[in-house]
Amino acid sequence: MGEMLEMIAHQWRQPLTAIGMISNNMLLKMILHEDEAVDKRLLGLELDDINKHVRYLSDTIDDFRNFFKESKSKQEVCVDEIIDKSVSLIKKQLEQSAIEIEIINKCEKILLFTYKNELTQVLLNILSNSKDAFESQNIKNKKIIIKCLKKDNNLLLIIEDNAGGITDDVLPKIFEPYFSTKKQKNGTGLGLYMSKIIVNRHLEGDLFANNTEDGVSFTIKIPIKTKNQGE
């Protein structure tokens, strides 16, 4: 139970921070422009962002409740939708940290019969780790690139950053349970471990990482299965 609560806390920290940031920005705008008419379009966009994060929090509860059950249901989903949802959930925090994000998608319109929310969790975990990696580095042009490509009958989702990489002694340990380089920030060390379990056990694929010239690259490799193949 304690381990499960730690996992939920790790997943919730990101969207809760985003909700707090969006609501604080809304309050600040109201205070600074209290004599002006409300920009309904902008207000609507910010409320829509909050609703997205709230839905993610709700989905996370369901995901963890069913995490070790075999009865979870797969669904057919477009790869674009999974990438867009993951990016939208962390976009505000990336902007706040002056991190540019680029998507190179060569898998447009490819359908996957998979666990949509769990794949979204994995992407969000990796993006969150890249964001945190920049905090300890003095890098001017911070950037994360998401690449999507098809190789043989597999989908490859590659997330690269230019945050300086991971030291050789640490790299082999990053998928171990409770291993974290963020102890001082209350890091649980469960994000990448949980992501590895999701990809291996539930998505029937693999997750691995390697250093690049300027940072680190995470690769999610999962087989492309249609609904008829997966049932």
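# A tour of the fold, starting at A98

With a relative accessible area of 53%, A98 counts as exposed; the class "exposed" needs over 50% relative accessible area, "buried" means under 20%, and "partly exposed" lies in between, for a 1.4 Å probe and protein chains only. The model is predicted, so to speak of local features takes a pLDDT of at least 70, side-chain atom pairs count only at pLDDT 80 or more, and totals for chains, interfaces and linings use all residues. Residues are numbered from 1 along each chain as its sequence is written, and side-chain values use heavy atoms, with hydrogens and water left out.

## Two loop residues with positive phi

A98 sits in the loop between α3 and β2. Helices are DSSP runs of H or I with at least four residues, strands are runs of E with at least two, and both are numbered from the N terminus. The phi of A98 is near 60°, a positive value in a residue other than glycine. Why might that catch your eye? Most residues other than glycine have a negative phi. D152 also has a positive phi, near 55°, and belongs to the loop between β4 (143-151) and β5 (154-161). At 67% relative accessibility, D152 counts as exposed.

## The chain as a whole

Now step back. How many helices and strands does the chain have? There are six helices and seven strands, and from the N terminus on they run α-α-β-α-β-β-α-β-β-α-β-β-α. Of the 231 residues in the chain, 44% are buried. Contact means heavy atoms within 4.5 Å. Among contacts between residues at least 6 apart in sequence, 74% join residues at least 24 apart.

## Helices side by side

Let us look at two helix pairs that involve α4. Helix α3 (residues 79-96) packs against α4 at an angle of about 35°, with the axes 9 Å apart. Axes here are lines fitted to C-alpha atoms, for helices over the stretch in contact, and angles run from 0 to 180 degrees between N-to-C directions. α3 passes α4 in a right-handed crossing; a crossing is right-handed if the near helix is turned clockwise from the far one by less than a right angle, and left-handed if anticlockwise. The residues of α3 in this contact include I83, L89 and I90, and those of α4 include L123, L124 and L127. The contact residues of α3 and α4 divide into nine nonpolar, five polar and four charged. In this count Ala, Val, Leu, Ile, Met, Phe, Trp, Tyr, Cys and Pro are nonpolar, Asp, Glu, Lys and Arg are charged, and the others, Gly among them, are polar.

Helix α4 (residues 116-135) also packs against helix α5 (residues 191-202), at an angle of about 150° and with axes 9 Å apart. α4 and α5 are therefore roughly antiparallel to each other (angles under 35 degrees count as roughly parallel, over 145 as roughly antiparallel, 65 to 115 as roughly perpendicular and the rest as oblique). α4 passes α5 in a left-handed crossing. Among the residues in contact are V122, I126 and N129 of α4 and L192, I198 and V199 of α5. The α4 and α5 contact holds six nonpolar residues, six polar and one charged.

## Some residues to visit

This table places four residues in their elements, with their accessibility.

| Residue | Element | Relative accessibility |
|---|---|---|
| D49 | helix α2 (residues 40-65) | 16%, buried |
| I103 | strand β2 (residues 100-105) | 39%, partly exposed |
| L192 | helix α5 | 9%, buried |
| S217 | strand β7 (residues 216-223) | 4%, buried |

Which residues do they touch, not counting those up to four places away in sequence? D49 touches I22 and K92. I103 touches I83, V87 and I146, and the C-alpha atoms of I103 and I146 are 4.8 Å apart although 43 residues separate them along the chain. L192 touches I126, N129, I174, F175 and F218. S217 has contacts that include I158, I159 and F208.

## The cysteines

A disulfide is a covalent bond between the sulfur atoms of two cysteines. Here a disulfide is taken as a pair of cysteine sulfur atoms within 2.5 Å, and the structure holds zero of them. For C78, the nearest cysteine sulfur belongs to C148 and is 9.3 Å away. C78 is buried at 18% relative accessibility, and C107 is buried at 0%.
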